[in-house]
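Me: I am new to this structure and would be grateful for a close look at a single part of it. Please take one residue as the point of departure and describe its surroundings in a connected account.

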Amino acid sequence: MIQPSLPGWKAECVGDDIAWLKFDENGVLRAINPEYGFFGVAPGTNHASNPNAMECFKKNTIFTNVAYTSNGGVYWEGLEKEVDLTGLKVTNWLGKDWTPEKAKELGPASHPNARFCAPAGQC
């Protein structure tokens, strides 16, 4: 997920939110991520805005307050160009049947602060 921009440098990411840092007995800086994962806000995330996140959460991911589709997928605002909802039943984050046409009445499919969390090992 991280690519170093300086030749000869190595970059490692231990998380996207919290890292505990400590110098070991040899003076080497060590870090761990106590959450062991990456999370982000779902609405607005898509292959154009954050392709790395989209690749990270293809499996083993927890989604909160997103819409769910009848084929087992997830949906939120920002996926309009990537997810074809034709023929699918969409259940919004409040558990109501949702369509893009009902958005003015029901509001967005997902909560504005809907989240995803994927294990660090697959990112």
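Reply: The account below starts from His47 and then turns to the neighbouring helix, the core and the sheet. The model is a predicted one, and the description should be read accordingly.

His47 is placed in the loop between strand β3, residues 37–41, and helix α1, residues 51–56. Is this residue buried, partly exposed or exposed? With a relative accessibility of 39%, His47 counts as partly exposed, because the buried class lies under 20% and the exposed class over 50%.

Leaving aside residues up to four places away in sequence, His47 touches Met54, Glu55 and Glu82. Glu82 stands 35 residues from His47 along the chain, yet the C-alpha atoms of the two are separated by 8.2 Å. The side chains of His47 and Glu82 are joined by a polar contact of 2.7 Å.

The helix that follows this loop leads to the nonpolar core. The largest such core comprises 18 residues, and Phe57, Tyr75 and Trp76 have the most contacts inside it. Helix α1 and strand β9, residues 115–119, each supply at least two residues of this core. The largest share, 3 residues, comes from α1. In soluble globular proteins, nonpolar side chains tend to be buried together.

Phe57 illustrates the surroundings of one core residue. Not counting residues up to four places away in sequence, Phe57 touches Thr45, Phe63, Trp76, Phe116, Ala118 and Gln122.

The strand that precedes the loop of His47 belongs to a sheet. In this open sheet, 3 strands are arranged in the order β3-β9-β4, with antiparallel pairing. Strands β3 and β4, the latter covering residues 62–64, stand at the edges; each has a single partner strand, so one side of each is left without a neighbour in the sheet. From one strand to the next, the twist averages 15°. The antiparallel pairing of β4 with β9 extends over 3 bridges, and Thr64 stands opposite Arg115 of β9.

A further residue, Thr69, completes the picture. Thr69 lies in strand β5, residues 67–69. Its relative accessibility is 8%, and Thr69 therefore counts as buried, the limit being 20%. The contacts of Thr69, again without residues up to four places away in sequence, are Val74, Tyr75, Leu85, Leu88, Lys89 and Val90. Among them, Tyr75 is one of the residues with the most contacts inside the core. In addition, the side chain of Thr69 reaches the backbone nitrogen of Gly73 at 2.9 Å.

Key:
Residues are numbered from 1 along each chain as its sequence is written. This is a predicted model: local features need pLDDT of at least 70, side-chain atom pairs count only at pLDDT 80 or more; totals for chains, interfaces and linings use all residues. Side-chain values use heavy atoms; hydrogens and water are left out. Helices (H or I, at least four residues) and strands (E, at least two) are DSSP runs, numbered from the N terminus. Buried means under 20% relative accessible area, exposed over 50%, partly exposed in between (1.4 Å probe, protein chains only). Contact means heavy atoms within 4.5 Å. A polar contact is a pair of N or O atoms within 3.5 Å; within protein, one must be able to donate a hydrogen and the other to accept it, and residues adjacent in sequence count only if both atoms are side-chain atoms. A nonpolar core is a set of buried Ala, Val, Leu, Ile, Met, Phe, Trp, Tyr and Cys residues joined through side-chain atoms within 4.5 Å. Two strands pair if DSSP finds at least two bridges between them. Axes are lines fitted to C-alpha atoms, for helices over the stretch in contact, and angles run from 0 to 180 degrees between N-to-C directions.
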